[in-house]
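Open the structure in your viewer and keep the sequence panel visible. The tour moves by selection: pick what each stop names, then read what is there.

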Amino acid sequence: MEADLSSFNIDAPRWDQCTFLGRVKHFFNITDPRTVFVAEQELDWAKAMVEKSRMGVVPPGTQVEQLLYAKKLYDSAFHPDTGEKMNVIGRMSFQVPGGMIITGFMLQFYRTMPAVIFWQWVNQSFNALVNYTNRNAASPTSLRQMALSYVTATTTAVATAVGMNMLTKRAPPLVGRWVPFAAVAAANCVNIPMMRQQEIIQGICVKDRNHSEIGHSRRAAAIGITQVVISRITMAAPGMILLPVIMERLEKLHFMQKVKALHAPLQVMLSGCFLIFMVPVACGLFPQRWYQLFVPNFVSLNTLPLLSLTCLLSRRKEGGGRKGSICPRTSVHQAKLWAS
């Protein structure tokens with residue numbers, strides 16, 4: 001007997017978004033790098049299925065598993081605001097393959113100045129593309145603002161990397177291997193506030209559990225952007241801190257000294273092992289909605305990429321961010337306190 005799926009809420013979260021584990025499972029689902037290789041026809045099918053499910057006209061014979069898979073593909077490839085298909089490199093599902101290549105090469109080629117400058121530029125260019133792809137349609141960022149953020153972040157990353165490289169020439173080799181992480185962290189601290197400066201200036205919309213608008217809060221915007229920065233740095237930290245320690249030891253082994261050409265591919269692979277877990281973990285650090293508060297674009301995926309990464313931080317709220325349940329903990333009175 002076929003189940004009646006006409007009332008199935010495809011946008012409801014599959015996992016409890018009030019818990020860290022539930023959020024991590026959600027982001028593991030939508031950042032699955034395997035979806036990068038899904039054919040365009042299958043993505044179009046997924047979008048059609050999601051739209052039909054929202055209208056309550058699910059085709060006969062459709063199973064719940066098919067709807068859940070369609071929603072996974074939809075969340076991984078289509079913009080949550082506009083519904084438009086995003087370019088492959090800018091998708092959250094590309095964060096692991098894209099981030100592992102850039103991170104691996106940043107950690108491998110850290111000794112020479114040209115290599116440091118080049119890979120920091122590549123990383124910030126990747127971040128800029130992800131930011132643009134996942135831009136907020138409700139509160140668009142101007143191209144001028146994006147360009148300024150890109151130039152500022154790239155300059156900060158390069159200046160930090162070059163400056164620290166010069167300062168650590170006489171330091172132990174391991175210290176020099178940590179310079180790329182310092183540059184990435186510094187760039188995130190500059191890039192994200194620059195990209196979201198309008199939210200800090202104008203505030204972001206705050207609503208109660210009934211979705212009634214209470215006002216705009218600059219304080220909520222500042223806290224949200226701070227959490228974005230923390231999430232991005234958290235995403236990059238384990239791989240960019242631990243991997244240099246691992247490689248420092250491995251490169252002393254006799255057989256590793258004979259296969260120096262494999263050092264870079266090995267770092268890329270190991271970076272991927274870290275990122276495949278850290279992308280969803282970093283994205284799930286903070287609730288996408290503040291419990292009873294509904295704060296649009298509070299944390300956005302476009303800020304997640306190392307991301308970017310990043311984590312872009314995510315604008316994709318619980319289960320698609322439309323009808324997902326929220327945690328009933330904050331009173332309306334408390335909500336009003338944020339609208340200042």
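The stops below cover a helix, two loop residues, a tyrosine, two cores and the cysteines. Keep in mind throughout that this is a predicted model.

**Stop 1: helix α2**

Select residues 40–55, which form helix α2. How far apart should the ends of its 16 residues be? At 1.5 Å a residue the expected span is 22 Å, and the end C-alpha atoms lie 23 Å apart, so the two values agree.

Now colour L43, A46, M49, V50 and S53, the buried residues of α2. Looking down the helix axis, you will find these buried residues within an arc of 120°, which means that they line one face of α2. A general rule helps here: an α-helix has 3.6 residues a turn, so residues three or four places apart point the same way.

Add residues 64–77, helix α3, to the selection: the buried residues of α2 pack against α3. Then turn to the other side of α2, where Q41 and M55 are exposed. Just after the helix comes G56, whose phi is positive, near 75°.

**Stop 2: Y74 in helix α3**

Stay with α3 and select Y74, which is found in this helix. Is Y74 buried or exposed? Its relative accessibility is 4%, under the 20% cut-off, so Y74 counts as buried. Next, draw a C-alpha to C-alpha distance from Y74 to K85: the two are 11 residues apart in sequence and 8.8 Å apart in space.

**Stop 3: the loop between α3 and α4**

Move on to H79, placed in the loop between α3 and α4. H79 is buried, with a relative accessible area of 5%. Show the backbone nitrogen of T82, which lies 3.3 Å from a polar atom of the H79 side chain.

S93 belongs to the loop between α3 and α4 as well. With a relative accessibility of 1%, S93 counts as buried. What does the side chain of S93 make a polar contact with? The partner is the side chain of T35, at 3.5 Å. To see the surroundings, select I30, T31, D32, P33, T35, V36 and S76; these are the residues in contact with S93 once its neighbours within four places in sequence are set aside.

**Stop 4: the nonpolar cores**

In soluble globular proteins, nonpolar side chains tend to be buried together. Select M106 and M240 here: in the largest nonpolar core, which has 18 residues, these two touch the most other members. Which elements give two or more residues to this core? They are α4 (95–108), along with α5 (113–133), α8 (179–195) and α10 (218–250). The largest share, 5 residues, comes from α10.

Apart from this core lies another, of 13 residues, among them A46, V50, V58 and A70. A46 and V50 were already coloured at the first stop as buried residues of α2.

Go back to M106 and show its contacts beyond four places in sequence: W119, Q120, N123, P180, V184 and M240.

**Stop 5: the cysteines**

Finish with C189 and C273. A relative accessibility of 43% makes C189 partly exposed, and C273, at 44%, also counts as partly exposed. How many disulfides does the structure hold? The number is 0. For reference, a disulfide is a covalent bond between the sulfur atoms of two cysteines.

Definitions and conventions. Residues numbered from 1 in each chain as written. Predicted model: local features only at pLDDT ≥ 70, side-chain atom pairs only at ≥ 80, totals over all residues. Heavy atoms only, no water. Helix = DSSP H or I, 4+ residues; strand = E, 2+ residues; numbered from the N terminus. Expected span 1.5 Å × (residues − 1). Buried < 20%, exposed > 50% of the residue type's maximum accessible area, 1.4 Å probe, protein only. Arc of directions from axis to C-beta. Contact = heavy atoms within 4.5 Å. Polar contact = N/O pair within 3.5 Å; in protein donor to acceptor, adjacent residues only side chain to side chain. Core = buried A, V, L, I, M, F, W, Y, C linked by side-chain atoms within 4.5 Å. Disulfide = S-S within 2.5 Å.
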